2 protein chains.
Amino acid sequence: MSVSPTYLINGSFSHTISPLDRGFSYGDGVFRTMLMRGGLPVDWPLHYQKLVADCAAIGIVCPSAELLMSDFQQNFSAEDIAENRLAVAKIIITRGEGERGYKPPAVTSPTRVLIKSAMPEYPSTYAKDGVRLHLCETRLSMQAKLAGIKHLNRLENVLARMEWSNEAIFDGLMLDTQENVIECTMSNIFARYKNLLVTPDLSQCGVAGVTRQRILGLANVLNLQTEVKPVSFADLLKADEVLICNSLIGTFQVVSVNNHTWQAQALATNFRSLLRQ
Amino acid sequence: MSVSPTYLINGSFSHTISPLDRGFSYGDGVFRTMLMRGGLPVDWPLHYQKLVADCAAIGIVCPSAELLMSDFQQNFSAEDIAENRLAVAKIIITRGEGERGYKPPAVTSPTRVLIKSAMPEYPSTYAKDGVRLHLCETRLSMQAKLAGIKHLNRLENVLARMEWSNEAIFDGLMLDTQENVIECTMSNIFARYKNLLVTPDLSQCGVAGVTRQRILGLANVLNLQTEVKPVSFADLLKADEVLICNSLIGTFQVVSVNNHTWQAQALATNFRSLLRQ
């Protein structure tokens, strides 16, 4: 049974979100989704660094790491810690409240939200045998000023996720409006060609996730060279192996996109164990 | 002095927005900004029709017109009516609350918000002499599935609005990533060439506003033919007259974009009086 999410707003369980919050009005903010183990966020320095960079990209001053750590301490219990429980933490940082109109107030006070929710229970076959993808019809629009940032303007992901209801499909592959492979709705993607590991260039759209960054850094342990470059859908289909990754799943091997299949191999398993070290 | 905004959430002054609301999480919703005169929304049938269409475009069932009208009645007072006061109403409709993840819940209950705020006080020179525009560096990304819709993913408008602080600039002209003129951050745009009135095609991006729709319908009264088509920045500069429009300003004549100037003429004034009839 899933536990109801609990949340802290600006460090308090009793605060609420105003409809004048610019996160609500305009999606004027950023977020992070993290794995929590024993009350602590996994890969926190990378997540915090990314949160600061994403805030800066849209002109928001990110709350301090200390403030966010004190939120974790408040929202995760002694039992979480003692039992080394897995959970999910989502941090949302918005520009704060403002009057009507796109112009941000001269002085803003960012809103910070920490939401704790249950760790999703994935079928064990996902890690063992891999997952299936749907090729989304919804394309990612190209906007260099917002590319790579995990901002709150996520309608494209929502529309893409609404395209399939088959429970056997884990995620949806998204292309940009020029038909390049970018990512999945909730994960980044890698393709292996012999000893070369390729992940799409995200300079025009997509979210540059922390696990993607870690995999790029770990590839040499598996004697893989890495390259970040544009990847066409035809390029992807030619790969020897494909994996997807995010902070909750680590990595899963991709066995199919629509009718195209790959024989599941060991790439995702190898990276999953490296990511856990 | 500006009056503090008041708001109703799902018909109640005491309700709050949950941080689990998908409007806050993903910008998963739409909105409208309307002029209120004497407690009644101006052009309500057109606004409601647009609200229903925008909701439908992203799979949200719009609350009934009756429910929204009862919100107006609650949030606007007998004095507003008696004194025929001008004010601004903003309606926000989101997909409602949901658990973490882009997939909408199987059953959703939309969140509706009505925010009442003071009518902005524009200098009288804006209507008399026209307004100046800044040419924004921020481009509008192209996404046919969201084009024309007034959805809550408005970071591009926010970034564009942050580009200037000069109070003498009224709005910012936005081009798309292929350098076509689309709109301003908070208004639509029209260009007159002899007896032809042109407004940009919004099939790839932009917001198709109600006042734009009304002007297209009223042009023949001024013996103008209309055309909706792609407009390059060079095309715009060649226009005899340019105007911008939205539900609050009606229309203002444009006198300049950056260093390019037009001699203010009567187009905006003529349309403004037609719009009021």
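These exercises walk through a predicted model, each with a worked solution.

Residues are numbered from 1 along each chain as its sequence is written, while chains are lettered from A and ligands numbered from 1 in the order in which they are written. Because the model is predicted, local features need pLDDT of at least 70 and side-chain atom pairs count only at pLDDT 80 or more, while totals for chains, interfaces and linings use all residues.

**Exercise 1. Place strand 5 of chain B among its neighbours.**

Step 1. Fix the terms. Strands (E, at least two residues) and helices (H or I, at least four) are DSSP runs, numbered from the N terminus. Two strands pair if DSSP finds at least two bridges between them.

Step 2. Take one partner. Strand 1 (residues 6–9) of chain B pairs with strand 5 in the antiparallel sense, over four bridges. Here B:Leu8 stands opposite B:Leu114.

Step 3. Take another partner. Strand 4 (residues 86–94) of chain B is also antiparallel to strand 5, with eight bridges. B:Ala87 has B:Ala118 as its bridge partner.

Step 4. Check the cover. A residue is buried if 20 or more other C-beta atoms lie within 10 Å of its own, exposed if 12 or fewer, and partly exposed in between; C-beta atoms are placed from the backbone. In strand 5 (residues 111–118) of chain B, seven of the eight residues are buried.

**Exercise 2. Find which side of helix 2 of chain B is buried.**

Step 1. Get the length. Helix 2 (residues 44–57) of chain B has 14 residues and reaches 20 Å from its first C-alpha to its last. That is close to the 20 Å expected at 1.5 Å a residue; the expected span is 1.5 Å times one less than the number of residues.

Step 2. List the buried residues. They are B:His47, B:Tyr48, B:Lys50, B:Leu51, B:Asp54 and B:Cys55.

Step 3. Read the arc, taken from the directions from the helix axis to the C-beta atoms. These residues cover an arc of only 160° around the axis, so they sit on the same side of helix 2 of chain B. An α-helix has 3.6 residues a turn, so residues three or four places apart point the same way.

Step 4. Name what they pack against. The elements are strand 2 (29–37), strand 3 (40–41), helix 3 (65–75), strand 4 and helix 7 (210–218) of chain B.

**Exercise 3. Describe the side of chain B that touches chain A.**

Step 1. Count. Two residues are in contact if their C-beta atoms, placed from the backbone, lie within 7 Å. The contact takes 45 residues from chain B and 45 residues from chain A.

Step 2. Name the suppliers. Strand 1, helix 1 (22–26), strand 4, strand 5 and helix 6 (155–161) of chain B each supply at least two residues. Helix 6 of chain B gives the most, with six residues.

Step 3. Sort by class. Ala, Val, Leu, Ile, Met, Phe, Trp, Tyr, Cys and Pro count as nonpolar, Asp, Glu, Lys and Arg as charged, and the others, Gly among them, as polar. This side of chain B has 23 nonpolar, 14 polar and eight charged residues.

**Exercise 4. Decide whether B:Lys194 is buried or exposed.**

Step 1. Locate the residue. B:Lys194 lies in the loop between strand 9 (188–193) and strand 10 (196–200) of chain B.

Step 2. Look at phi. B:Lys194 has a positive phi of about 50°, although it is not a glycine.

Step 3. Count neighbours. B:Lys194 has 9 C-beta neighbours inside 10 Å, so it counts as exposed.
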